[in-house]
Amino acid sequence: MPVAASAIYFLNLRGDVLINRLYRDDVGGNMVDAFRMHIMQTKEMGTCPVRQIGGCSFFYMRISNVYFVIVVSSNANVACAFKFVVEAVALFKSYFGGAFDEDAIRNNFVLIYELLDEIMDFGYPQNLSPEILKLYITQEGVRSPFSSKQPLERAVPNATLQVTGAVGWRREGLVYKKNEVFLDIVESVNLLMSSKGSVLRCDVTGKILMKCFLSGMPDLKLGLNDKIGLEKESEMKSRPIKSGKTIELDDVTFHQCVNLTRFNTEKTVSFVPPDGEFELMKYRITEGVNLPFRVLPTIKELGRTRMEVNVKVKSVFGAKIFALGVVVKVPVPKQTAKTSFQVTSGKAKYNASIDSIVWKIRKFPGQTEATMSAEVELISTMVEKKSATRPPIQMEFQVPMFTASGLRVRFLKVWEKSGYNTVEWVRYITRAGSYEIRC
């Protein structure tokens, strides 16, 4: 169930009511007193942002020196409630010149009441887009970007279409001399590998970032090599699936511009993009991950005061690709006194602040390997050495034009009634998330 707010309160740090708005008659006007007595005066504001008192739930968040409180008398979606709070605060800041504090609220209470009537109807959230609300709520706050009357007369005819939710994230009338679409697929590899080279845990989290500079109201269609989408496409066209790697996407989330109805029926990502930069979708993959690097560590203890560390790093990606900014952090004991290194590529040094040998390689070609050999001298102690698990080796890297998941863009089609030509740019980037190897 979505948020069915009975009331909204803005309180200062003393608990004084700055503004309140009642949307339903199922709560009494003294609910703010219960909040002040049972939550604020008990010094438990930071323990949990959701509290139940007398059959009502209080969702609250502190922004600057103001508490934003939502009172709900029924079972409601907590995540939706806090999403509403975050977007409402962003809306107020856009009207108040970037400020949301007690002074801003006191100076703009008339505008706030008008906005509260628009962004929530009978306790249910409505449109909170600043770009759309500013088309017809033109009252000036601390700083109003709509001081000229002529632009408002041009913008208001388009307001009705956007407020209804058809394309509320994009305004009409955009014109560019050069129509371009930039698409970045950015992935983070999370890996935990044993000292013998077996993978204990591995997954990839990725996101598709877009930057659109397109005229008019374009309709875009994105095709990926995901298994479900290819099967649906072949079924609709009565053709067999072409050979090539397919992947299974897990935990996919989309931007609001994506047409979910077409995705559910056709399994295609169709959308009217916002203007500028935005995050089109997020996903996660747990099967068939292509690891960009394999790390083979060997650590030998030579008595109580010496260690030998050998680390071999192999790049598994293609020979025409280069990894950039490769950093390998090899943990050593805290009582390390002296270290010496030999590396086949890059530079290595001992960092005492993190108790690690840091090996940096600026550019790592594909299908190659690099090794580091180090001798570590330890301070002799009288305390008997205890056997303990060593911290894992950590890696940092960035591999352009490579995806650990195998995700590929098959096509990106742009349709607009004027029929202009579009330039599409696609880039792939794989980064290290939690890339750890036990030693």
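Analyst: A residue is buried when its relative accessible area is under 20%, exposed when it is over 50%, and partly exposed in between. This model is predicted.

User: Why is Phe92 called buried?

Analyst: Phe92 has 0% relative accessibility. The limit is under 20%, so Phe92 counts as buried.

User: How many aromatic pairs are there in the whole structure?

Analyst: A search finds 15. Phe10 and Phe92 form an aromatic pair, with 5.9 Å between centres and 85 degrees between planes.

User: What makes Phe10 and Phe92 edge-to-face rather than stacked?

Analyst: First, the centres. They are 5.9 Å apart, and rings pair within 6.5 Å. Next, the planes. The angle is 85 degrees, and over 60 counts as edge-to-face. Therefore the pair is edge-to-face.

User: Where in the chain do Phe10 and Phe92 sit?

Analyst: In distant parts. Phe10 belongs to strand S1 (residues 5-12) and Phe92 to helix H2 (residues 78-95), 82 residues apart. Phe10, at 0% relative accessibility, is buried.

User: What makes Phe92 and Phe96 a stacked pair?

Analyst: The planes of Phe92 and Phe96 differ by 5 degrees, and the centres lie 6.1 Å apart. The angle is under 30 degrees and the distance within 6.5 Å, so the label is stacked. Phe96 is buried too, at 1%.

User: Which residues form one aromatic cluster?

Analyst: Phe293, Phe317, Phe364, Phe397, Phe402 and Tyr435.

User: Why is Lys363 said to lie over the face of Phe322?

Analyst: Lys363 is 4.3 Å from the ring centre of Phe322. The distance limit is within 6 Å, and the charge must also be within 35 degrees of the ring normal. Lys413 lies over the face of Phe411 as well, at 4.9 Å from the ring centre.

User: Why is Cys257 in no disulfide?

Analyst: The whole structure has zero disulfides. For Cys257, the nearest cysteine sulfur is that of Cys212, 8.3 Å away. A disulfide needs sulfur atoms within 2.5 Å, so Cys257 is in none.

User: Buried or exposed: what are Cys257 and Cys48?

Analyst: Cys257 is buried, at 4%. Cys48 has 33%. That value falls between 20% and 50%, so Cys48 is partly exposed.

User: What makes the link between Asp184 and Arg427 a polar contact?

Analyst: The side chains of Asp184 and Arg427 meet at 2.7 Å. The limit for N or O atoms is within 3.5 Å, with a donor and an acceptor, so the pair counts. Asp184 is in strand S8 (residues 180-193). At 17%, Asp184 is under the 20% limit and therefore buried. Beyond neighbours within four places in sequence, Asp184 is in contact with Lys207, Ile208, Leu209 and Arg427.

User: Which backbone atoms does the side chain of Asn225 reach?

Analyst: The backbone oxygen of Gly406, at 2.9 Å. The backbone nitrogen of Arg408 also lies 2.8 Å from a polar atom of that side chain. Asn225 lies in the loop between strand S10 (219-224) and helix H8 (227-237). With 6%, Asn225 is buried.

User: Why does Lys300 count as partly exposed?

Analyst: Lys300 has 45% relative accessibility. That is neither under 20% nor over 50%, so partly exposed is the label. Lys300 is in strand S14 (residues 293-301). Leaving aside neighbours within four places in sequence, its contacts are Arg306, Met307 and Glu308.

Notes: Residues numbered from 1 in each chain as written. Predicted model: local features only at pLDDT ≥ 70, side-chain atom pairs only at ≥ 80, totals over all residues. Heavy atoms only, no water. Helix = DSSP H or I, 4+ residues; strand = E, 2+ residues; numbered from the N terminus. Buried < 20%, exposed > 50% of the residue type's maximum accessible area, 1.4 Å probe, protein only. Contact = heavy atoms within 4.5 Å. Phe/Tyr/Trp six-rings, centres within 6.5 Å; stacked < 30°, edge-to-face > 60°.
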